[in-house]
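Student: I would like to learn how to read a fold from its model. Could you take me through one?

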Amino acid sequence: MKFFIDTADIDEIKDLAATGLVDGVTTNPSLVAQSGRDFFEVIKEIAGVVDGPVSAETVATDHETMLKEGLKLAKLADNITVKVPLTVDGLKTCKALSDDGIKVNVTLCFSAGQALLAAKAGAAFISPFVGRLDDIGFDGLDLIAEICTIYGNYDFDTEVLVASVRGPLHVIDAAKMGADVATVPPKVLRQLYNHPLTDKGLDAFLKDWAATGQTIL
Ligand code: G3P
């Protein structure tokens, strides 16, 4: 499973990229607003820090303008993935950009039928929002399972990018289902490292080692 970081906070991205575990970055208009930065500047900076795909989202709602925005965003760096919403205009734009060789991430997916359409439109990534489905009383992970099954049945190349991740269990359960990517808030990636028994075990090892009076270096 690939890990993308779901943020436009460049300091967080740099810090986590140093672990070597970051395969890409996703942003959205809300995350860019939270960063307080100029959209184009922050996207270019992120694309320079991470080798993998960096999703930059369009904001137009009509196909013609969305396509222009997508073409402009794609020129910002070689590793830009254009993000479009799962609407009729979004899928038309996805098809046009994909036919042009530009990677597209179709976002705001909440049903398996929508995911099927995105794959047919040539999306490089589909972003089902698990947390937002959980929020309204549906099991977001059921959607991931459905999409993985459907894409597997037809050998679609579209990668399942689990979005709106709220905690480590979303990542672990989606990984069991074979989802290709999880885009995680920085906090969740850090939570994945942690286990109290790791901390407790390390404390004990270090105490015992100190008692030997030896050093390795
Ligand atoms: O970037 C899309 C998605 O990951 C947003 O997550 O937490 O705003 O539902 P959230």
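Tutor: We go from the overall picture to the sheet, then to the ligand and two single residues. Keep in mind that this is a predicted model.

Student: What does the secondary structure of the chain come to?

Tutor: Start with the inventory. The chain has 11 helices and eight strands. Its C-alpha trace spans about 70 × 35 × 30 Å along the principal axes. Of the 217 residues, 45% count as buried. Next, look at the contacts with a separation of 6 or more: 57% of them link residues 24 or more positions apart.

Student: How do the eight strands run in the barrel?

Tutor: Follow the pairing order. Here the order is β1-β2-β3-β4-β5-β6-β7-β8, with parallel pairing, and the barrel is closed. From one strand to the next, the twist averages 30 degrees.

Student: Which helix packs on the sheet at β2, β3 and β4?

Tutor: That is helix α3, residues 39-49. Its direction makes about 165 degrees with that of β3. Now take the strands beneath the angle. Strand β2 covers residues 24-26 and strand β3 residues 54-57; two bridges join them in parallel. One residue pair to find is Val-25 with its bridge partner in β3, Val-54.

Student: Which element lies between β5 and β6 in their β-α-β unit?

Tutor: Trace strand, helix, strand, and then ask for the handedness. Helix α6, residues 112-120, takes the middle place, and the unit is right-handed. The two strands are parallel, and three bridges join β5 (residues 104-109) to β6. Asn-105 has Phe-125 as its bridge partner in β6.

Student: What does β6 pair with on the β7 side, and over how many bridges?

Tutor: β6 and β7 (residues 159-162) pair in the parallel sense over two bridges. Here Ile-126 has Val-160 as its bridge partner in β7.

Student: How should I read the two faces of a strand?

Tutor: In a regular strand, side chains alternate between the two faces of the sheet. Now apply that to β6, residues 125-128. Phe-125 and Ser-127 are on one side, Ile-126 and Pro-128 on the other. These four residues are all buried, and both faces of the strand are covered.

Student: Which residues are around the ligand?

Tutor: List the neighbours, then look for polar atoms. The neighbours are Asp-6, Asn-28, Lys-83, Phe-129, Arg-132, Ala-163, Ser-164 and Arg-166. A polar side-chain atom of Asp-6 lies 2.5 Å from a ligand oxygen atom. For Ser-164, a side-chain N or O atom is 2.7 Å from an oxygen atom of the ligand. For Arg-166, the corresponding distance is 2.8 Å, again from a side-chain N or O atom to a ligand oxygen.

Student: Why does Thr-93 count as buried?

Tutor: Check the accessibility against the cut-off, which is under 20% for buried. Thr-93 counts as buried because its relative accessibility is 0%. This residue lies in helix α5, residues 88-99. Leaving out residues up to four places away in sequence, Thr-93 touches His-63, Met-66, Leu-67 and Val-84.

Student: Which side chain makes a polar contact with that of Glu-159?

Tutor: Locate the residue, then look for its partner. Glu-159 is in strand β7. Its side chain makes a polar contact with the side chain of Lys-2, at 2.8 Å. Beyond four places in sequence, Glu-159 touches Lys-2, Ala-124, Phe-125, Ile-126, Asp-180 and Val-181.

Notes:
Residues numbered from 1 in each chain as written. Predicted model: local features only at pLDDT ≥ 70, side-chain atom pairs only at ≥ 80, totals over all residues. Heavy atoms only, no water. Pairing = 2+ DSSP bridges. Axes fitted to C-alpha atoms, helices over the stretch in contact; angles between N-to-C directions. Contact = heavy atoms within 4.5 Å. Buried < 20%, exposed > 50% of the residue type's maximum accessible area, 1.4 Å probe, protein only. Right-handed = clockwise from strand over helix to strand, strands pointing away. Near = heavy atom within 4 Å. Polar contact = N/O pair within 3.5 Å; in protein donor to acceptor, adjacent residues only side chain to side chain.
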